[in-house]
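Open the model in your viewer and keep the selection box at hand. Each stop below names what to pick and what is there.

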Amino acid sequence: MRGRVQENSLQEMAVGFVDFGRSCGADEVEISLVEGREFNVNVRLGEIENLVEAASRSLALRVIKDRKTAQASTSDLTAETVRRLIRNAVKRAQLASRDDCSGLPPAAAERMDKPSLNLYDPEIASLDATRKIKLAQETERIALDDTRITNSHGASFISNEDTIVLANSAGFLGSYDQTFCSLSVGLQAGGTNDLVEDEWTSVVRHFRDLETPETVAGKAVERTLRQLHPRKIKTQSVPVIFEPEMTHWLLGFLFACVSGVAVYRKATFLAERLGMAIGGKNITVIDDGLIPGRLGSRPFDSEGVPCRKTIVVENGILRRFLCGSYAGRKLKQPSTGNAEGNGVSPNNFSLSPGAATPEEIIASTKKALLLTRTIGHGLNPVTGDFSRGAYGLWVEGGEIAYPVCEVTVSGNLEPLLHQIEAVGNDLDIRTPVCGPTIKIGELTVAGA
Amino acid sequence: MNPIEDSFSLGSGERKKILALALSRGGEFAEIFSEYRLYNFINMEEDIIKETGESVSLGLGIRVISGEKTGYGYTNDLSFEAIRTTALTAAAIADSGRTAVLPRFRRVRGRRDIYPALWPAHRASLESKIALVRRAYAACRKAGSRIRKVKVLFHDQIQYMSIAHSEGRTAEDERPQIRLVCTAIAEKNGKREFGFSGGGGRVGLEYFERTMTPEAIGREAGEEALRLLEAVDAPAGEMPVVLAPGHAGVLVHEAVGHLLEADFNRKRTSIFWDKLGRRVGSPLLTIYDDPTRPSFRGSYSVDDEGTPPVKTLLIDRGIVRSFLQDRLSARIMGLPLTGHGRRQDFTCIPIPRMSNTYVDRGEDDPEEILRSVGKGIYAERFEGGQVEDTGKFTFSISAGHLIEEGRLTAPIKQATLIGTSIDILQKIERVGCDLQFGLQTGTCSKEGQDVPVTDGCPTIKISRMTVGGRK
C-alpha cells in the first residue's frame, strides 16, 4: 500500500490543526488535506512538447463559532502559516452572520470499506516515464498513419496520485488514496477552408482499464473524419438523437438543476417539483458514490458524510435533490453525500440505460439530427433553457446521410425530459456524469 | 519589504545555482517563477453574510526549454533541497550535458502606471469590504418587489511574482485584483429569470466610489432579471445581428483573439497560420490587444515570462498584422515578443494569451446602424463563448432585443450565436464610433488555465449570422 507512513503523518497533521483550532476558541473545526503527484506529457508530431512532473500539497479549513462560518485554504503548509490562518478564521467568523443551517455534519464513523471501492492502482505509481511518453507517441503515430488526417493537436498521457485526508472536531478522521490516468489525442482533417477537428480521451482509475493507443487513435480519427464536407441545414424543428457524449452534457445540466444549493437559491426551475413527474417513465437518474473503481466514487464527501446511492429521478418522478449538509438543512432533508467545498458535486450521476441499441434508434428514425458535439455555453438552470453551437450527422430514412455544422440546438429541459422517445443500452461510463444514446422528439435546430 | 524574498529566501547566488542545475542536462533556457498570492472572499446570500474566506498560494515553478521541448516542475515545499529536485526534474527534458554560463542578472522594469490602486483592498479591513457587499445586496433587493433571491460575492487578491531566467533577466510584479459580482433571481407567475452584473479590475476600493458603485452593480443585476421576465424567445435562423457596444467584445475574443495566439499558428492548427499580412475581414475592422490599459482586469506591467508587454495591433483595417506571442513561439517563428506569455499560477507553463482585446472605434453613428436593420437582433449582454482552431465559434447572449423596422422592440431571452471566423469578419458591415468595454469580471480558459481578461467594441453590424433561438 502506497504512502502508509505519509498518510498517517498527514492524518496526524490534520488532527493537530483541528485541536489547535479548538484551542483558539472555535466551536467546530474541519481540516482537509490533499497531497498529490502529477505527471503530464504532451507529444506532437512525434516529439515531446511539454513534460510536467510535480508533487504538491494543499490544506483547506473551516471554523464555526457561534454558528458563524469562516474558511481558509493554503498551499503553504508550514505550521506557522496554517496556525495564522486558523487564528484569523476564528476572529473573522465573528464578522459573518449567525446562520442556523451552518455547522459540521453529525459525527459518522467512517464505515466504508475503502479497498473494495478500488480507487487506487499501485501500477500507476510504478510506471516509468519512458513508457508513458511512448504511449502518447504511439497513439499519435497510429492516428497520423491515416493520410486523411492533416494535422495534430498532439497526444497526451496524464497520471495523478492523490491522498485525501479529512479530520473534524466532531470526531471524524478519514483518508483515502486515489489514482487517475488518461490517454488522449486531438486531430484535424481537411484544408484551411474546410478544416474539421475532434479528439478522444480515455480516462480511468486503473492503468489496466486504459484504452489502448489503437483504440484511442481509432476513435479520434473516426470522429474527426466523419465531419468532413459538412452541410449547413435549414432552420427547423426536428427530432434530435444525442450520442452518449452529448447525453453527458445534458446530464451535467440536469445535475445543476437538481443540486440542493440551486434549489434553496431558487436558481433552478425544478425547485418546487419534488415528488412530481418531471420526465417520461423511461427516465431514471441515479447518483452513486460507491461503484467500485469508477471515477466519481469516493468513500466520503468533502465534509466526511459517507457516500451512498441516491435515486434522483425514478421513472420520471423527481425523488431527491442532491445535498451536502448545509443545503440539506436548508431543504430539511439529510445530506446525500454530495458536498464539495462550498457547493455540491455529482458522484457517479447517470441516466439508466434502456433496451434499444443506438443502431436500432437510428434505423427507426425517418429524419433527425444526430448530435455529436457542441461548443459554447448557453445553459440556464434557472429557466431550464439551453442553446448551444452544434455539430452532427443528418439522419434520413434510418441512415446517416451527411455531416452538419454551424447550427445550434435549443430548447428547454422541462419539455425535453418528457419527450425522450428512446433510451439506448449503450451507457458510456468513461466520465462520472454519463448516459446512453437518447432520442428527443423535437428541438429547434437553427441553421441557414 | 518584498514578500517574495521573505517567503523564498532565494538570493541572487542561489537563483544562479538553481538555474545552472536546471541547465545541467543541456537545456538552452531556464527560468524560475516564484509566486505568493493572498486572496480574500465574502459571500452574502439569503440576507446574511454567509461566510468569509482567506487563501494563500505560495510556490515556485521551474521551466527548461530545449529546442521545442519544455520541461516543467513545481513545488510548494520551499526548502533548498526541494527546489533543487524541482530544477533537476525540469532539466531532464534535455539530454546533452553542456555546461551553462549564466550572465549577470539585470532587472526588467515594468510600467508603473498599470495598477493605480489608491486604497489597496488587501490592506483594507474586512468590515469595509463587507459594507460594500451589503450595499450591492440592498440595491439589488430594491430593484423591484419581484426580486426573489440575491447573491453577492466579493473577491480581492494580491499576487506577488518574481522571475529570474538564464538570459540574465529578473522581473517582479505586484498585481492587485478586485471583483464584486451580484446575481439576482426574479419571479413572476411561477417563472424565474436570472440577472448578473459586476465590476472590479486591478484597482483599489476607491473604484467603488469613483467608477462603479456597489449600488449600480446591485441595481443592474436586479433590473436585468426583471427585464428578462418580460422577454420573448429569441428567433432562430440567419439574420442581421447588431452588437451593442461593450460586452459584445466577447465576439472578437472568440472569433479573432484565440485564433491569433501564436502557439496555434506555429503549429498550423489555427486557420490564421498563413494569413499574416493578408486580408481576412472587412476594411472597417481594426483590433488591438492591450495589456497596458491602466486599471483593467487583463493588464500587467510585465508578463509571466518577465517581458514588458506592448499594445499589439492584431487586425489593421481587415489585414492580419501580428500574433500574440510568448517566448517559445516568438523564438520558433522568428517574430518579436509582444509580452503575452501568461500563466494561471506557478503550477502552469506560460502560453500565449489575450489581455484586453477590443475592436477600435469606427465612424458610424450607432443610431443610424440600428435604423439600417429591417428585422434582426440587438445583442446586449453575454455569458461567454468558445472557438475551435477551425474557426467555428459561438457566443451566448443572456439579454438583448428584437430589431424591427430599425427600432428596438421586445426584449429577448438567451440564445447562442454560431459562425465561422473569417466568414463573419467579412460580414462586418458597420462599425460605430462608440467604443466601450464590457464588465471587469471576465475570465478566459485555455488548456485548463484561467486568466483574467476584458474585451470591448463599439456598435457593430454583422450582415448575417445564425441565431440559435427557438422561434
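**The contact between the chains**

Start where the two chains meet: 48 residue pairs are in polar contact between chain B and chain A, both residues of each pair at pLDDT 80 or more. This is a predicted model, and every value on this tour is computed from it.

Select strand β2 of chain B, residues 48-66. This strand gives 11 residues to the side of chain B that touches chain A, the largest share. Now colour that side of chain B by class. You should find 21 nonpolar, 25 polar and 26 charged residues.

Next, show the whole contact. Chain A brings 78 residues to it, and chain B brings 72. Which three residues supply more of chain B's buried area against chain A than any other three? Pick Glu54(B), Arg192(B) and Arg470(B): together they supply 12% of the area. The size of an interface is often given as the accessible area lost when the parts come together. Here chain B and chain A bury about 6000 Å² between them. Carbon and sulfur atoms carry 48% of that area.

**Bridges across the interface**

Stay on Arg470(B). Its salt-bridge partner is Asp385(A), with the closest N and O atoms 2.5 Å apart. Nine salt bridges cross the interface of chain B and chain A.

Now switch to backbone view. Select strand β2 of chain A, residues 47-65, and strand β3 of chain B, residues 69-75. The two strands run parallel and are joined by five bridges. To check the register, label Leu51(A): it stands opposite Gly71(B) in β3(B).

**Salt bridges within the chains**

Widen the view. Over all chains, the structure holds 67 salt bridges.

Zoom to Arg62(A) and Glu30(A). Their side chains meet in a salt bridge, 3.0 Å from N to O. Arg62(A) lies in strand β2 of chain A and Glu30(A) in strand β1 (residues 28-44) of chain A, so the pair ties together parts that are 32 residues apart in sequence. Arg62(A) and Glu30(A) are both buried.

Move to chain B and select Arg63(B) with Glu31(B). This salt bridge has its closest N and O atoms 3.1 Å apart. Arg63(B) sits in strand β2 of chain B, and Glu31(B) in strand β1 (residues 29-45) of chain B, 32 residues apart. Arg63(B) is buried, as is Glu31(B).

Next comes a helix pair: Glu209(B) and Arg135(B). Their closest N and O atoms are 3.2 Å apart in a salt bridge. Glu209(B) is in helix α5 (residues 207-210) of chain B, while Arg135(B) is in helix α4 (residues 126-141) of chain B, 74 residues apart. Are these two buried or partly exposed? Glu209(B) is partly exposed because its relative accessible area is 48%. Arg135(B), at 28%, also counts as partly exposed.

For a wider network, select these residues together: Asp198(A), Arg223(A), Arg226(A), Glu243(A), Glu245(A), Arg373(A), Asp428(A), Arg430(A) and Glu388(B). Salt bridges link them in a network.

**A sheet in chain A**

Show chain A as a cartoon. Five strands form an open sheet in the order β10-β9-β8-β13-β19, with mixed pairing. Which strands stand at the edges? They are β10 (317-318) and β19 (433-434) of chain A. Each has a single partner strand, so one side of each is left without a neighbour in the sheet.

Focus on the β10 edge. Strand β9 (residues 309-314) of chain A pairs with β10(A) in the antiparallel sense, over two bridges. Label Val313(A): its bridge partner in β10(A) is Leu318(A).

**A hairpin in chain B**

Select strand β21 (residues 443-446) and strand β22 (residues 449-452) of chain B. They pair in the antiparallel sense over four bridges. Thr443(B) stands opposite Pro452(B) in β22(B). The two strands make a hairpin with two residues between them. In the turn, Glu447(B) has a positive phi of about 45°.

Now turn β21(B) to compare its faces. Cys444(B) and Lys446(B) are on the covered face, and Thr443(B) and Ser445(B) on the uncovered one.

**Last stop**

Step back to Thr441(B), in the loop between β20 (436-437) and β21 of chain B. Thr441(B) counts as buried because its relative accessible area is 9%. Show its contacts, leaving out residues up to four places away in sequence: Arg179(B), Val181(B), Phe196(B), Gly198(B), Gly199(B) and Arg297(B).

Terms used:
Residues are numbered from 1 along each chain as its sequence is written. Chains are lettered from A and ligands numbered from 1 in the order in which they are written. This is a predicted model: local features need pLDDT of at least 70, side-chain atom pairs count only at pLDDT 80 or more; totals for chains, interfaces and linings use all residues. Side-chain values use heavy atoms; hydrogens and water are left out. Contact means heavy atoms within 4.5 Å. Buried area is the accessible area (1.4 Å probe) that two parts lose on being put together, summed over both. A salt bridge is a side-chain nitrogen of Lys or Arg within 4 Å of a carboxyl oxygen of Asp or Glu. A polar contact is a pair of N or O atoms within 3.5 Å; within protein, one must be able to donate a hydrogen and the other to accept it, and residues adjacent in sequence count only if both atoms are side-chain atoms. Ala, Val, Leu, Ile, Met, Phe, Trp, Tyr, Cys and Pro count as nonpolar, Asp, Glu, Lys and Arg as charged, and the others, Gly among them, as polar. Two strands pair if DSSP finds at least two bridges between them. Buried means under 20% relative accessible area, exposed over 50%, partly exposed in between (1.4 Å probe, protein chains only).
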